[in-house]
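Let's walk through this structure together, from its overall layout down to a few individual residues. Have the sequence and the 3D view open side by side as you read.

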Amino acid sequence: MTDTPFWHRKSLDEMTRAEWESLCDGCGLCCLIKFEDIDTGELIYSNIVCRHFDDQTSLCQCYATRSQKVPDCWTLTPENIHELTWLPETCAYRLLRDGEDLAWWHPLVSGDPNSVHEAGIGIRHNCVSEEHVHVDDWQTFFDEMTAEEEEDTPDQPDASHGRA
Ligand code: SF4
Ligand code: SF4
């Protein structure tokens, strides 16, 4: 027997399905619409979230069928995790992939599923569903978010979704 947590003992591709799934902290960051500057490739996270995100539970409402309902929703796997450069810096899959450790607020560490929200990482109650923002207004959202940082904005904002 060992008290060493599984994410310290195993590589990502050695984990069981249950272990893999438990790595998701439920932050919801990967479900946000992201804008890409086509000149620099920089990704900027908006506060517009996928229509299937439940803002009360911070869970996907169609997890089992998400890739059918949202074609650009990625299913993270040990095989593709190394290609996904857009994952948020706090994402457990990205951290472990890059040889880093889980933060104190990760539910596996804290033992509390709410700690990800209490730490200000999760997007629960801090996002707006794409159902309520017409796609023609996405540019306005982007402009407002970047107005203080950049004079120029991307010509063609792009959107992507993803979740483990
Ligand atoms: S896959 Fe990563 S970014 Fe997405 S909800 Fe889970 S921990 Fe957060
Ligand atoms: S981006 Fe994918 S995982 Fe997130 S809410 Fe939408 S369908 Fe579900």
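What follows goes from the whole chain to the sheet, then to the core and some loop residues.

Please keep in mind that this is a predicted model. The chain contains seven helices and seven strands. If you trace them along the sequence, they come in the pattern α-α-β-β-β-β-α-β-α-α-α-β-α-β. There are 164 residues in the chain, and 27% of them are buried. Among the contacts with a separation of 6 or more, 61% link residues that are 24 or more positions apart.

A good place to begin is the sheet. Strand S1 (residues 32–36) and strand S2 (residues 43–49) run antiparallel and are joined by four bridges. Together S1 and S2 make a hairpin, with six residues between them. In the turn you will find Gly 41, which has a positive phi of about 80 degrees. Two pairs help to fix the register in your mind: Leu 32 stands opposite Val 49, and Lys 34 has Tyr 45 as its bridge partner.

The hairpin belongs to an open sheet of three strands, in the order S1-S2-S6 and with mixed pairing. S1 and strand S6 (128–129) are the edge strands, each pairing on one side only. Where does the mixed pairing come from? S1 and S2 run antiparallel, while S2 and S6 pair in the parallel sense, over two bridges. As a general point, strands of a sheet pair through backbone hydrogen bonds, either parallel or antiparallel. Val 49 is worth a second look here: Leu 32 stands opposite Val 49, and in S6 the bridge partner of Val 49 is Ser 129.

Now turn to the nonpolar residues. In soluble globular proteins, nonpolar side chains tend to be buried together. The largest nonpolar core in this model has 28 residues, and the members that touch the most others are Leu 32, Val 49 and Cys 91. S1, S2, strand S5 (73–75) and helix H4 (92–97) are the elements that give two or more residues to this core. H4 gives the most, with three residues. So what does Cys 91 reach beyond its close sequence neighbours? Leaving aside residues within four places in sequence, Cys 91 is in contact with Leu 29 and Cys 30.

Finally, let's visit some loops. Most residues other than glycine have a negative phi. Ser 58 is not a glycine, yet has a positive phi of about 65 degrees. You can find Ser 58 in the loop between strand S3 (53–54) and strand S4 (59–60). Ser 58 counts as buried because 21 C-beta neighbours lie inside 10 Å. His 125, in the loop between H6 and S6, also has a positive phi of about 65 degrees without being a glycine. Is His 125 buried or exposed? His 125 counts as exposed, because there are 9 C-beta neighbours inside 10 Å.

One more loop residue is Asn 114, between helix H5 (107–110) and helix H6 (115–118). Asn 114 is partly exposed because 14 other C-beta atoms lie within 10 Å. Asn 114 and Gly 26 are 88 residues apart in sequence, and their C-alpha atoms are 9.1 Å apart in space.

How values were computed: Residues are numbered from 1 along each chain as its sequence is written. Chains are lettered from A and ligands numbered from 1 in the order in which they are written. This is a predicted model: local features need pLDDT of at least 70, side-chain atom pairs count only at pLDDT 80 or more; totals for chains, interfaces and linings use all residues. A residue is buried if 20 or more other C-beta atoms lie within 10 Å of its own, exposed if 12 or fewer, and partly exposed in between; C-beta atoms are placed from the backbone. Two residues are in contact if their C-beta atoms, placed from the backbone, lie within 7 Å. Two strands pair if DSSP finds at least two bridges between them. A nonpolar core is a set of buried Ala, Val, Leu, Ile, Met, Phe, Trp, Tyr and Cys residues joined through C-beta atoms within 7 Å.
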